[in-house]
Amino acid sequence: MERLEAIFSPASIAVVGASTVPGKVGHDLFANILRGGYTGVLFPVNPKARSVLSVKAYPTLTDIPDPVELAILVVPPKAALAAVDEAAHRVSRALSLCRRVFGRSGPRGGPLKSPLRRGAVRQAYAWWGLTVWGSSIRIRRCA
């Protein structure tokens, strides 16, 4: 049950791939969490942005000075592999991958799903699968 708490009630969330461009998955996901009343600490991760929706952005997960309980990865497949490795040093409890980054299968994402899962399992993360953002979830730290 503690692993599910990391997904549904994290004290802090990093959105890796948070975008400054409305309409992009990373922007809209970050905006929904921010505007949805989440009461924990929210970190946008984007190496090219100083801020996302007026929240200070960090170039990488390792640049975030505070603890991160949940990392949501909204990056291209090859960047996701590096982000999972980086998360091993910064994320304490859970990882989530956005399905739109990988699609259901095929050469762009399919072959990377197994290495990503192995990386998450190796770190003993709560693993929220590749199709999570196809449905709506409620994070309990929302007002």
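**Entry 1: the order of elements**

In what order do the elements of the protein run from the N terminus on? I read off α-β-α-β-β-β-β-α-β-α-α-β. I note at the start that this is a predicted model. I then counted five helices and seven strands in the protein.

**Entry 2: the whole chain**

I looked up some totals next. The protein has 143 residues, and 43% of them count as buried. Its exposed surface comes to about 7,700 Å². Carbon and sulfur atoms supply 52% of that area.

I also checked how far contacts reach along the sequence. I took contacts between residues at least 6 apart in sequence. Of these, 68% join residues at least 24 apart.

**Entry 3: β1 and its partners**

I started with strand β1, which covers residues 12–16. Which strands does β1 pair with? I found β5 joined to β1 by four bridges. I found β2 joined to β1 by five bridges. β1 and β5 run parallel, and β1 and β2 run parallel as well.

I picked out one residue pair for each. Ala-14 has Ala-71 of β5 as its bridge partner. Val-15 stands opposite Pro-44 in β2.

I wrote down a reminder here. In a regular strand, side chains alternate between the two faces of the sheet.

**Entry 4: β2 and the first crossover**

Next I followed the chain from β1 to β2. Helix α2, residues 25–35, is the helix of this unit. Together β1, α2 and β2 make a β-α-β unit, and I noted its hand as right-handed.

How many of the five residues of β2 are buried? Four are, so the strand is largely enclosed by the rest of the structure.

**Entry 5: β5, α3 and β6**

I moved on to β5, which spans residues 68–73. Six of its six residues are buried, so I marked the strand as mostly covered, with the cut-off for buried being under 20% relative accessible area. Besides β1, I looked at strand β6, residues 91–97. Five bridges join β5 to β6, and the two run parallel. One pair I noted is Leu-73, which stands opposite Leu-97 in β6.

Helix α3 belongs to this part too. β5, α3 and β6 make a right-handed β-α-β unit. I checked the length of α3, residues 77–90. The helix has 14 residues and reaches 20 Å from its first C-alpha to its last. That is close to the 20 Å expected at 1.5 Å a residue.

Which residues of α3 are buried? My list reads Pro-77, Ala-80, Ala-83, Val-84, Ala-87 and Arg-90. Arg-90 caught my eye as the last residue of the helix.

**Entry 6: one aromatic pair**

I searched for paired aromatic rings. The count comes to one aromatic pair. It is formed by Phe-43 and Tyr-58, whose ring centres lie 5.9 Å apart. Why is the pair called edge-to-face? The planes stand at 70°, and over 60 degrees counts as edge-to-face, so the name fits.

Where do the two residues sit? Phe-43 lies in strand β2, residues 41–45. Tyr-58 lies in the loop between β4 and β5. The pair therefore ties together parts that are 15 residues apart in sequence.

Are the two residues buried or exposed? Phe-43 is at 4% relative accessibility and counts as buried. Tyr-58 is at 12% and counts as buried too.

**Entry 7: Val-52**

I then turned to Val-52 in strand β3, residues 51–52. Its relative accessible area is 0%, and Val-52 is buried.

What does Val-52 touch, leaving out residues up to four places away in sequence? I listed Ala-18, Ser-19, Thr-20, Phe-30, Pro-44 and Ala-57. Pro-44 is the residue I had already met opposite Val-15.

I checked Ser-19 in more detail. Val-52 and Ser-19 are 33 residues apart in sequence. In space they are 6.6 Å apart, C-alpha to C-alpha.

**Entry 8: two positive phi angles**

Last, I looked at the loop between β3 and β4. Leu-53 is in this loop, and so is Ser-54. Leu-53 is not a glycine, yet its phi is positive, about 50°. Ser-54 is not a glycine either, and its phi is about 70°.

How exposed is each residue? Leu-53 is partly exposed, with a relative accessible area of 29%. Ser-54 is exposed, at 74%.

Definitions and conventions. Residues are numbered from 1 along each chain as its sequence is written. This is a predicted model: local features need pLDDT of at least 70, side-chain atom pairs count only at pLDDT 80 or more; totals for chains, interfaces and linings use all residues. Side-chain values use heavy atoms; hydrogens and water are left out. Rings of Phe, Tyr and Trp (its six-membered ring) pair if their centres lie within 6.5 Å; planes under 30 degrees apart count as stacked, over 60 as edge-to-face and the rest as tilted. Buried means under 20% relative accessible area, exposed over 50%, partly exposed in between (1.4 Å probe, protein chains only). The expected span of a helix is 1.5 Å times one less than its number of residues. Contact means heavy atoms within 4.5 Å. Two strands pair if DSSP finds at least two bridges between them. A crossover is right-handed if, with the strands pointing away from the viewer, the path from the first strand over the helix to the second runs clockwise. Accessible areas come from the Shrake-Rupley method with a 1.4 Å probe; for residues, only the protein chains shown count as cover.
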